[in-house]
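Student: Please take me through one part of this structure closely, choosing a single element and following what it touches. I would then like to see how that part sits within the chain and against its partner.

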Number of protein chains: 2
Amino acid sequence: MKVTVKIMLKKGVLDPQGKAITHALGGIGFEGVNDVRQGKILELDLIEGTSEDTIKAMCDKILANPVIEDYEIMIGA
Amino acid sequence: MKVTVKIMLKKGVLDPQGKAITHALGGIGFEGVNDVRQGKILELDLIEGTSEDTIKAMCDKILANPVIEDYEIMIGA
């Protein structure tokens with residue numbers, strides 16, 4: 001089964017990579033970029049029948065840092 | 001306007017980060033992880049009326065590396 005996990009920094013947590021991209025876009029002439037936030041996307045190929053609880057445990061233990069990151073699990077996406 | 005850009009390594013391009021995550025999950029007892037591929041997600045806040053062509057140009061010039069990466073643009077997502 002295919003599972004996609006989207007991991008973004010929580011709102012309010014500074015995102016220096018996103019800021020660097022914002023400035024880089026401005027620097028090469030793209031105007032009108034108010035803000036960029038960068039996150040991670042993980043596409044997992046798991047054996048059939050893996051429960052959502054197991055996937056949540058993976059996220060909490062190793063995939064994401066729940067102190068500063070939010071994650072979203074999309075099963076079958 | 002909010003635009004989300006999803007950037008993944010092309011199929012066939014080795015993904016050492018994804019492999020490391022696959023092994024790390026196995027190492028802490030999560031079985032049944034066949035494969036993991038890691039990508040980037042960018043949430044852009046652009047001024048209203050930015051055309052899709054402009055966003056494609058941003059991707060080709062600076063956000064993605066079209067030689068090894070595929071990107072997907074989701075407007076309003």
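Tutor: A strand here is a DSSP run of at least two residues, and strands are numbered from the N terminus. With that in hand, and bearing in mind that this is a predicted model, we can look at strand E2 of chain A, which covers residues 33–46 and holds Gln38(A). Ile41(A) lies in strand E2 as well, and these two residues make good starting points.

Gln38(A) has a relative accessibility of 15% and therefore counts as buried, the cut-off for that word being under 20%. Once its neighbours within four places in sequence are left aside, Gln38(A) is in contact, within its own chain, with Met8(A), Asp15(A), Gln17(A), Gly18(A) and Ile21(A). On the side of the partner chain, Gln38(A) is in contact with Lys40(B), Ile41(B) and Leu42(B).

Ile41(A), at 3% relative accessibility, also counts as buried. With neighbours within four places in sequence again set aside, the contacts of Ile41(A) in its own chain are Thr4(A), Val5(A) and Lys6(A). Its contacts in chain B are Lys6(B), Met8(B), Arg37(B), Gln38(B), Gly39(B), Lys40(B) and Ile41(B). Ile41(A) thus touches Ile41(B), the residue of that number in the other chain. For a sense of distance within chain A, Ile41(A) and Lys61(A) are 20 residues apart in sequence, while their C-alpha atoms are 16 Å apart in space.

These contacts across the two chains lead to the question of how the chains are related. A rotation of 180°, with 0.0 Å of shift along its axis, superposes chain A on chain B with an RMSD of 0.0 Å. That is the relation of a two-fold axis. The C-alpha of chain A nearest to this axis belongs to Lys40(A), at 2.3 Å. The interface fits this arrangement: 100% of the interface residues of chain A are interface residues in chain B too, so the copies meet through the same surface.

Stepping back to the chain that carries the strand, chain A has two helices and three strands, which follow one another along the sequence as β-α-β-α-β. Its radius of gyration is 16 Å, whereas a compact globule of 77 residues would have one near 11 Å. The C-alpha trace spans about 50 × 25 × 15 Å along its principal axes. Of the contacts in chain A between residues at least 6 apart in sequence, 69% join residues at least 24 apart. Buried residues account for 39% of the 77 residues, and the accessible surface is about 4200 Å², with 54% of it belonging to carbon and sulfur atoms.

Three residues of chain B show what its other elements look like. Thr22(B) sits in helix H1, residues 16–27, and counts as buried because its relative accessibility is 12%. Not counting residues up to four places away in sequence, Thr22(B) touches Val33(B), Asn34(B), Asp35(B) and Val36(B). Cys59(B) is found in helix H2, residues 52–63, and at 0% relative accessibility it counts as buried. With neighbours within four places left aside, Cys59(B) is in contact with Val5(B), Ala64(B), Tyr71(B) and Ile73(B). The C-alpha atoms of Thr22(B) and Cys59(B) are 28 Å apart in space, with their positions 37 residues apart in sequence. Glu72(B), in strand E3 (residues 69–75), counts as partly exposed at 40% relative accessibility. Leaving aside neighbours within four places, Glu72(B) is in contact with Thr4(B), Val5(B) and Lys6(B). From Glu72(B) to Val33(B), the C-alpha distance is 25 Å, for a separation of 39 residues in sequence.

To return to strand E2 of chain A, the picture is of an element that holds Gln38(A), whose side of the story includes contacts with both Met8(A) and Lys40(B). It also holds Ile41(A), which is in contact with residues of both chains, among them Thr4(A) and Gln38(B).

Definitions and conventions: Residues numbered from 1 in each chain as written. Chains lettered and ligands numbered in written order. Predicted model: local features only at pLDDT ≥ 70, side-chain atom pairs only at ≥ 80, totals over all residues. Heavy atoms only, no water. Helix = DSSP H or I, 4+ residues; strand = E, 2+ residues; numbered from the N terminus. Rg over C-alpha atoms; globule rule 2.2 N^0.38 Å. Buried < 20%, exposed > 50% of the residue type's maximum accessible area, 1.4 Å probe, protein only. Contact = heavy atoms within 4.5 Å. Areas by Shrake-Rupley, 256 points an atom, 1.4 Å probe, with all protein chains shown as cover. Least-squares fit on C-alpha atoms with pLDDT ≥ 70 in both.
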